[in-house]
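Student: I should like a close look at a single helix in this structure and at its surroundings. Please give one connected account.

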Amino acid sequence: TLFRSVANLKNANAKDALTLTVTGATATAEDLLTLDGRTSVTVKASAVTAISGNAADVKKLVAAKGVEIAKDVKIDLSGTTTNASDLATILKATTGEVKATVAADTAAKLNAALKDAISSDVLTLTVNGTTAAAADLNALDAKTSVDVDATAVSKITGNAADVKKAVDAVNAEINLDAAVAIDVSDTVSVADANLIDGTNGV
């Protein structure tokens, strides 16, 4: 196992020219970083399909030039809460699924930071702040396979199309407070007004 390999190389250091190839399907970021520190040669870890660890270790790993990882490696940050800014760096480093619980922030800030997230990522997102743009909420919904928690938001703003999508429980996966207020910026049809009014406290 990788753990045993790390243990067996406890006396090696960065000046040693050891050619190391990791063959297991899974590895921790901590172990891969440790191997990186025990050889002057790039550690070949492209066969690893899933990497787990805390955000600090994974962020350091994806920036490390001494470890070669697959471009589509899966990243699991479960068990810790990750700042959106740190997660943004990790998301840029892989096209694979990223799993993480993200620290709560406004919809606008989360949307801006997580621009590289996609719908297959498993991101637990919690929106804070009293007001959120429907467009930002919809964008967050498209960045994760998990329902977005926006129950702390007391007011949603935006055009009719964006608001309708955000509050439509059938098509969206955004959890809202039942009494959330809605501020629609343009003309809304009677049908859409009824849908919006029936979903929340306009």
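Tutor: In this predicted model, the axes of H2 and H3 approach to within 9 Å and cross at roughly 45°. Angles under 35 degrees would count as roughly parallel and those of 65 to 115 as roughly perpendicular; H2 and H3 are therefore oblique to each other. Their crossing is left-handed. On the H2 side the contact is made by Ala29, Glu30, Leu32 and Leu33, and on the H3 side by Asp57, Val58, Lys60 and Leu61.

A second helix also packs against H3. The axes of H3 and H4 come within 9 Å and cross at roughly 40°, which makes H3 oblique to H4. This crossing, too, is left-handed. Here Ala55, Val58, Lys59 and Val62 of H3 meet Asp86, Thr89 and Ile90 of H4. Val58 thus appears in both contacts, with H2 and with H4.

The burial pattern of H3 itself may now be considered. H3 spans residues 55-63, and within this helix Ala55, Val58 and Leu61 are buried. These buried residues lie on the same side of H3, because they cover an arc of only 130° around the axis. A general property of helices is relevant here: an α-helix has 3.6 residues a turn, so residues three or four places apart point the same way. The face of H3 turned away from the buried side carries Ala56, Lys60 and Ala63, which are exposed. Lys60 is therefore an exposed residue, that is, one with over 50% relative accessible area, and Lys60 is also among the H3 residues in contact with H2.

What covers the buried residues of H3 comprises both helices and strands. The cover includes helix H2 (29-36) and helix H4 (84-92), together with strand S3 (50-52), strand S4 (67-69) and strand S5 (74-82). Of the buried residues, Val58 and Leu61 take part in the contact with H2, while Ala55 and Val58 take part in the contact with H4.

There remains the N-terminal end of H3, which is capped by Asn54. A side-chain oxygen of Asn54 lies 3.2 Å from the backbone nitrogen of Ala56. Ala56 is itself one of the exposed residues on the face turned away from the buried side.

To summarise, H3 has a buried side formed by Ala55, Val58 and Leu61, an opposing face with the exposed residues Ala56, Lys60 and Ala63, and left-handed crossings with H2 and with H4.

Terms used. Residues are numbered from 1 along each chain as its sequence is written. This is a predicted model: local features need pLDDT of at least 70, side-chain atom pairs count only at pLDDT 80 or more; totals for chains, interfaces and linings use all residues. Side-chain values use heavy atoms; hydrogens and water are left out. Buried means under 20% relative accessible area, exposed over 50%, partly exposed in between (1.4 Å probe, protein chains only). Helices (H or I, at least four residues) and strands (E, at least two) are DSSP runs, numbered from the N terminus. The arc is that of the directions from the helix axis to the C-beta atoms. Contact means heavy atoms within 4.5 Å. A polar contact is a pair of N or O atoms within 3.5 Å; within protein, one must be able to donate a hydrogen and the other to accept it, and residues adjacent in sequence count only if both atoms are side-chain atoms. Axes are lines fitted to C-alpha atoms, for helices over the stretch in contact, and angles run from 0 to 180 degrees between N-to-C directions. Angles under 35 degrees count as roughly parallel, over 145 as roughly antiparallel, 65 to 115 as roughly perpendicular and the rest as oblique. A crossing is left-handed if the near helix is turned anticlockwise from the far one by less than a right angle, and right-handed if clockwise.
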